[in-house]
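Here are a few notes from going through the fold, jotted down as numbered points. Have the structure open while you read.

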Amino acid sequence: MSRGDMAKPLLGSQGIEGDPSITPAAGRTIGVLGSGDFARSLAIRLVCSGFKVVVGSRNPKRKAGLFPSAAEVTFQADAVKKTDVIFVAVFREHYSTLCDLADMLVGKILVDVSNNTEINHQKESNAEYLASLFPACTVVKGFNVISAWTLQSGARDGNKQVLICSNNQEAKRTVAEIAQVMGFTPVDMGCMSSAHEIENIPLRLLPAWRIPIFLALGLFLCFFTYNLIRQVIHPYIREQKIKLYKIPIEVVNTTLPCVAYVMLSLVYLPGVLAACLQLYYGTKYRRFPDWLDQWLQHRKQIGLLSFFCAALHAVYSLCLPMRRSHRYQLIETAVKQAMEKKMNIWVEEEVWRMEIYISVGIIALGLLSLLAITSLPSIANSLNWREFSFIQSTLGFIALVISTLHTLTYGWSRAFDENQYKFYLPPTYTLTLLVPCTVILAKVIFSLPCIQQRLLRIRRGWEKGRYVKFILPSAMAEHSSGETSSNV
Ligand code: NAP
């Protein structure tokens, strides 16, 4: 965002005047201790949000040019005198250098914005440490989850949530108001003991993605090895043909769809297992085992990784004819046919197989793209529950069925051709069909009226062995079926 854009207030002055809860914060003087990257971005954003800003630096003359002209850059002692709310934008190891200011800071609010370099690096959180150094101040932890870049990039870009905690409600409310005027959404995380957790958040590396990524990598490794044995090692051992050139594209391209397809079925398998458990126990009030709970919670990430592999497979497939090895093989086949004086090489069945295979694959990829797009929070939030569950549950299952057709048309009759069994290993696609076909079969069984009705009753609160008069109007049943099927 340019300086010009930043000069525009994030909330118009009318909005600030019109909202009584915001008025007390806007226009007040806010102090910032430190003149580094974070302090600078914070000062720019505060100025643009209508606050007066006073920056406290050890060397104000040298740093003044880095700040907007509307912000006053002065010595630390001078800055803390002029305001009651002070953002401490210095690293934890330098907190003690601020102790000379302790007398001037009595009764003021200190906002600790600091982060650590490692998770649980210190026993005591930075905010608690700051509070121990300045017992006469009120410390509020906040803004550490917002980067200097996000502060500069405007209200509608980047993470908008500011997590706040403090032992003092009034101080927390003041900082929340400031965050709100700056265009952020304050989230109350409770008392100061939450500071440790808040400080760990920016250090976590894709916590929700760890299991799905390991799963995808594990599947990739298994299928890759299997395909390597069939496509490279087998021809070498049996015919002494070196086919290492197949590894970068052909082997990878036969592995990716296997991973995508199995991962897609793993999005729907936990729902099937959960339904089996509910039917078996005759209640929905029994906790699922932890592993199943975890699996259910990671379905979105598993689905997105499935889409990622499917998209890569599409790109790899488009590139197949570009390869030099492919051109050589085409010419070789043409020469062979010319020498054998074969004039018509059109095989009707093969032509149809390929047309259907590609068409079905494109539809499956289209549906997967739709699922991926609607799982983005901004899109998901614009859908109501029924729309979301229709896309993720119904269309998702249709995508699985179409992917199965894509796999079956790829295989066609090859499963019955003994030449396709290398070292007695069946073609890879036959292995991939295992889990998806189980899921599809289970879904078909669950849609049988006798089972579906029982499942619906369980999901509406009915329990085996307990007599509860239960009436389920058909319209309600229909609605709840959508709700529960994607919940579980
Ligand atoms: P920085 O660029 O290195 O700035 C640190 C500032 O601390 C210096 O400019 C310096 O300002 C001041 N300071 C005060 N006493 C000091 C001393 N004894 N020795 C050295 N410097 C001293 O760091 P930053 O990136 O702005 O980060 C500041 C704080 O914000 C850190 O606690 C960090 O964890 C937190 N934070 C940063 C980001 C980010 O995106 N950068 C995001 C979230 C949180 P003067 O020389 O003017 O005194």
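1. Start with the open sheet: it has 6 strands in the order 3-2-1-4-5-6, and the pairing is parallel. Strand 3 (72-75) and strand 6 (138-141) sit at the edges, each pairing on one side only. From one strand to the next, the twist averages 25°. Bear in mind that this is a predicted model.

2. Inside that order, look at strand 1 (residues 29-33) and strand 2 (residues 52-57): they run parallel and are joined by 5 bridges. If you want a register marker, Leu 33 stands opposite Gly 56 in strand 2. As a reminder for reading the faces, side chains in a regular strand alternate between the two faces of the sheet.

3. Further along the chain, strand 7 (residues 161-164) runs parallel to strand 8 (residues 185-188), with 4 bridges between them. Here Ile 164 is the residue opposite Asp 188 in strand 8. To get from strand 7 to strand 8 the chain goes through helix 9 (residues 169-181), and this β-α-β crossover is right-handed.

4. Now the helix pair. Helix 18 (residues 385-411) and helix 20 (residues 434-446) have axes that come within 10 Å and cross at roughly 130°, which means helix 18 is oblique to helix 20. The crossing of the two is left-handed.

5. Who makes that contact? Helix 18 contributes Phe 397, Leu 400, Val 401 and Thr 404, while helix 20 brings Pro 436, Cys 437, Val 439, Ile 440 and Lys 443. By class, the contact of helix 18 with helix 20 comes out as 7 nonpolar, 1 polar and 1 charged residues.

Methods:
Residues numbered from 1 in each chain as written. Predicted model: local features only at pLDDT ≥ 70, side-chain atom pairs only at ≥ 80, totals over all residues. Heavy atoms only, no water. Pairing = 2+ DSSP bridges. Right-handed = clockwise from strand over helix to strand, strands pointing away. Axes fitted to C-alpha atoms, helices over the stretch in contact; angles between N-to-C directions. Parallel < 35°, antiparallel > 145°, perpendicular 65-115°, else oblique. Left-handed = near helix turned anticlockwise from the far one by under 90°. Contact = heavy atoms within 4.5 Å. Nonpolar A, V, L, I, M, F, W, Y, C, P; charged D, E, K, R; others polar.
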